[in-house]
Amino acid sequence: MAQIYFKEVYKDIFPFWDEISESDREFICQNSVAVTYPKKTNIHNGNECSGVIIVRSGCLRIYIMSEDGKDITLYRLHKGDMCMLSASCVLQSITFDVFADTEDESECYVINGSAFSQISERNPQIKIFALETAVSRFSDVMWIMQQILFMSMDKRLAIFLSDESVRTASDTINLTHEQIARYIGSAREVVSRMLKYFASEGIVEVSRKGIKILDKSRLKQLVL
């Protein structure tokens, strides 16, 4: 029954699904599990091969960590997104450590990494798909690095608040200063000071309920 369920799911997710043999499709399904991870759980630690992770619900934070324990968020994964960087045995050219934590309780499909790698070795279209999926995320990574290296703090924070407002379709950002700091690669104290400045300018309102955007036009001016 589980195999039939995974077949229906993967048919919609993987463009190569109808191009590989029935035995290979069954092998992938046999090596798949549906997992519900609690909130704030580490599900991928460094360069281990945790497998291919597909988000069914919830949110995952993908990040890198320095030797002194400071982390930088590379991107977040939501419903329908896929993490290939957690399958280092599939993409052996990925030699840096990437970590993944759940932001909320998250339901995921996980395909065993070694099984997926084995199938990809005899199906070039799978390997191409894996590489394309990973490469597509590197544009997000480069955008984050560009912000950290070349943009002022007020612009980085304005970009984040604007993007988060669009993503959630809400003018209120329900995140702590600590969470925002992790997302934009800064310190909580710096974020708090900048939000205090934004509030003094009438751009946002900061309260225990979150950060409410009051003046979108002013915020947009900071982004430009």
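Before I come to any particular loop, let me fix one term: helices and strands here are DSSP runs, of at least four residues for a helix and at least two for a strand, and they are numbered from the N terminus. With that in hand, I should say at once that what we are looking at is a predicted model, and I will go from the whole chain to the sheets and then to a few single residues.

Taken as a whole, the protein contains eight helices and eleven strands, and its C-alpha trace spans about 65 × 35 × 30 Å along the principal axes. Of the 224 residues, 44% are buried, and the exposed surface comes to about 11900 Å², of which carbon and sulfur atoms supply 51%. If we take the contacts between residues at least 6 apart in sequence, 69% of them join residues at least 24 apart. As for charge, there are 26 positive and 30 negative side chains, and the centres of these two sets lie 7 Å apart.

Let me turn to the sheets, beginning with a general reminder that strands of a sheet pair through backbone hydrogen bonds, in either a parallel or an antiparallel way. One open sheet here has four strands in the order β1-β8-β3-β6, and its pairing is antiparallel. Which strands stand at the edges of this sheet? They are β1, residues 32-37, and β6, residues 82-83, and because each has a single partner strand, one side of each is left without a neighbour in the sheet. At the β6 end, strand β3, which covers residues 52-57, is joined to β6 by two bridges, with the strands running antiparallel, and there Ile53 stands opposite Cys83.

There is also an open sheet of four strands in the order β2-β7-β4-β5, where the pairing is again antiparallel. Its edges are taken by β2, residues 42-44, and by β5, each of them with a single partner strand, so that one side of each lacks a neighbour in the sheet. From one strand to the next, the twist in this sheet averages 35°. Helix α4, residues 124-150, packs on the sheet and touches β4 and β5, with its direction making about 140° with that of β5.

Within this sheet I would like to follow β4, residues 60-65, on each of its sides. Towards β5, residues 71-77, there are six bridges between antiparallel strands, and the paired residues include Arg61 with Arg76, as well as Met65, which stands opposite Asp71. The hairpin made by β4 and β5 has five residues between its strands, and in it Gly69 takes a positive phi near 90°. Towards β7, residues 99-102, β4 is joined by four bridges, and these strands also run antiparallel; here Ile62 stands opposite Ala100, while the bridge partner of Tyr63 is Phe99. How many of the residues of β5 are buried? The strand is mostly covered, with seven of its seven residues buried.

Next to β4 in sequence we come to Cys59, which is found in the loop between β3 and β4. Is Cys59 buried or exposed? Its relative accessibility is 4%, and since the cut-off for buried is under 20%, Cys59 counts as buried. Leaving aside residues up to four places away in sequence, Cys59 touches Arg76, Leu77, His78, Asp101, Thr102, Glu103, Asp104 and Ser106. For one of these, Thr102, the separation from Cys59 is 43 residues in sequence but 5.9 Å in space, taken from C-alpha to C-alpha.

I will finish with the backbone at two loop positions, where phi is positive in a residue other than glycine. Lys40 lies in the loop between β1 and β2, and its phi is near 60°. Ala169 is in the loop between α5, residues 153-168, and β9, residues 172-173, and its positive phi is about 55°. Are these two residues buried or exposed? The cut-off for exposed is over 50% relative accessible area, and Lys40, with 63%, is therefore exposed, as is Ala169, with 71%.

How values were computed
Residues are numbered from 1 along each chain as its sequence is written. This is a predicted model: local features need pLDDT of at least 70, side-chain atom pairs count only at pLDDT 80 or more; totals for chains, interfaces and linings use all residues. Side-chain values use heavy atoms; hydrogens and water are left out. Buried means under 20% relative accessible area, exposed over 50%, partly exposed in between (1.4 Å probe, protein chains only). Contact means heavy atoms within 4.5 Å. Accessible areas come from the Shrake-Rupley method with a 1.4 Å probe; for residues, only the protein chains shown count as cover. Lys and Arg count as positive and Asp and Glu as negative; His and the chain ends are not counted. The place of a charge is taken as NZ of Lys, CZ of Arg, CG of Asp or CD of Glu. Two strands pair if DSSP finds at least two bridges between them. Axes are lines fitted to C-alpha atoms, for helices over the stretch in contact, and angles run from 0 to 180 degrees between N-to-C directions.
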